[in-house]
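Biologist: Please take me through one part of this model in detail. Then set that part within the rest of the chain.

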Amino acid sequence: MKIVGVGHYIPDRVMTNAQIERIAGLPSGSVERTHAGVKERRWVTHETGSYMNAMACREAVADAGLELSDIDLIINGSGTQEQAIPDGGPLIQRQLGLGDTGVAAVSIHSTCLSFLVGLNVAANFLGSGQYRKILVTAGDIGSAAINPKDAESFVLFGDVAAAVVVTRAEEGEASGVTGYVFRTFGEGAYLTQVPGGGTRRHPNFPETTPEDNLFQMDGKRVYMMALEHGPPILEELRPGLSRDLGDIKAVVSHQASGLALDALPKLGWPADRIVRTIHKYGNCIGASIPITLYETIKEGRIERGDEVLFLGTGAGLSIGAMIITY
C-alpha cells in the first residue's frame, strides 16, 4: 500500500479557549492549565460531515495527480455520522458528484480509530487486487454533541476532515504496511459513549432525555486502561517498541488529549518524533490521525522510505496501532 495523495478541510470558525470558557462558565485560563496544549479548535458553521469529507477528498485526489473518475472505492472512516441511514459513504459519494457512477462507497465505524481501521481494510483490498485506487476519508463534527456542562470533554473537541488516496506500491517501491494490531476491551464500553440515537434510547422514546444524545466520557478511566493495555499491544506490533521507537521517524497519534500525548515520551520515545496538532485542532475524533498525517507530510517531517507509527484509542475501549513504510 502506498499513500499517493493527501487532503484536508478546516472550517473557518476558530473557537479559542477564552470563548470555550465563557460558554461553559469556566474560570479564565483553566482550559490551558487542565488540558495542556489545547489552545484553540475549529467548529463548523454551515458545513456538513459529507461536505467536509468531500472537500478533503478532492484535495487528496488532486494531490495524487488523479481524477475522481479514477477512484474505485471510497471508505468513510468518520467517527461521527451525518445521519443514521444511509451511512456516510453514499453521502460523500454524492457530494463528490459521483452519485450516478456506481463507485463503491462504504463506512467503517470505530469512533476515533475509524480512519486507521479503514486504512487497514484498504490495504487488504489492494493486496487482494479487488480495488486499485482507494479514497480513505474521515471528517468529524464533534461540536454537535458535546455537553457544556461536562468541562472535561467540552473543551477538547473540534471539527476537521482529512483524506488519503492509496494504491498498490509499484515493483521495487518500499511503501507498505509492515504491522497492524487492533484490540478491543469491552469492559470499557460505557466509559466513552453517546447512549442515545440508537434502538435502546431512540430519540422518539418518551424516556430518552436530551442528555442521552450528548457525549459522555470518563477520561481518567480511559487513560488508565490505555496505560494498562497499550504497552503489550506495542510489543505485539514490534518487540521493544514500548521502550524504543528505533528507526520510526514519526508517531502519528490520535490527539486524544494533551495528557495522553504527554505520556508517549515517558515510554522513552523522542518527543520531537511525536507529531502534535491538538494545540490548534483539539481532539477531532476519527479525523485526528489523518489531519496529523497530512501535516506530517506537508511539513516534510517524513520522506519516502521512512517508517511511520499510527497509534490511538477509541470508544469500545479499542486500541489500535499500525506501522507503515511511507
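Modeller: I will start with the sheet that holds the chain's opening strand, then move outwards.

First, the ground rules. This is a predicted model, in which local features need pLDDT of at least 70 and side-chain atom pairs count only at pLDDT 80 or more, while totals for chains, interfaces and linings use all residues. Residues are numbered from 1 along each chain as its sequence is written, and side-chain values use heavy atoms, with hydrogens and water left out.

Five strands make an open sheet in the order 1-7-6-4-5, and the pairing is mixed. Strand 1 (2–9) and strand 5 (104–107) are the edges, each pairing on one side only. From one strand to the next, the twist averages 15 degrees. Some terms apply here. Strands are DSSP runs of E, at least two residues, and helices are runs of H or I, at least four residues, all numbered from the N terminus. Two strands pair if DSSP finds at least two bridges between them. Angles run from 0 to 180 degrees between N-to-C directions, with axes fitted as lines to C-alpha atoms, for helices over the stretch in contact.

Now look at the edge formed by strand 1. It runs antiparallel to strand 7 (residues 159–167), and seven bridges join the two. Within this pair, Gly 7 stands opposite Ala 163 of strand 7. Helix 3 (residues 49–63) packs on the sheet and touches strand 1, strand 4 (73–76), strand 6 (133–141) and strand 7. The direction of helix 3 makes about 135 degrees with that of strand 1. Helix 4 (residues 88–95) packs on the sheet too, touching strands 4, 5 and 6. Its angle to strand 5 is about 135 degrees. Contact means heavy atoms within 4.5 Å.

Next comes Ser 153, in helix 6 (residues 151–154). Why does Ser 153 count as buried? Because its relative accessibility is 1%, and buried means under 20% relative accessible area, with exposed over 50% and partly exposed in between (1.4 Å probe, protein chains only). Its side chain makes a polar contact with the side chain of Asp 150, at 3.0 Å. A polar contact is a pair of N or O atoms within 3.5 Å; within protein, one must be able to donate a hydrogen and the other to accept it, and residues adjacent in sequence count only if both atoms are side-chain atoms. Setting aside neighbours within four places in sequence, Ser 153 touches Ile 146, Phe 215 and Met 217.

There is another open sheet. It has four strands in the order 8-13-12-11, again with mixed pairing. Strand 8 (176–184) and strand 11 (248–253) are its edges, each pairing on one side only. Strand 12 (residues 307–314) and strand 13 (residues 318–325) run antiparallel, joined by eight bridges. Gly 312 has Gly 320 as its bridge partner in strand 13. Helix 10 (residues 288–298) lies across strands 11 and 12, at about 145 degrees to strand 11. Ten of the eleven residues of helix 10 are buried, including Ile 289, Leu 293 and Tyr 294. Gly 300 follows helix 10 with a positive phi, near 75 degrees.

Finally, the whole chain. It has ten helices and 13 strands. Of its 326 residues, 55% count as buried. Among contacts between residues at least 6 apart in sequence, 74% join residues at least 24 apart.
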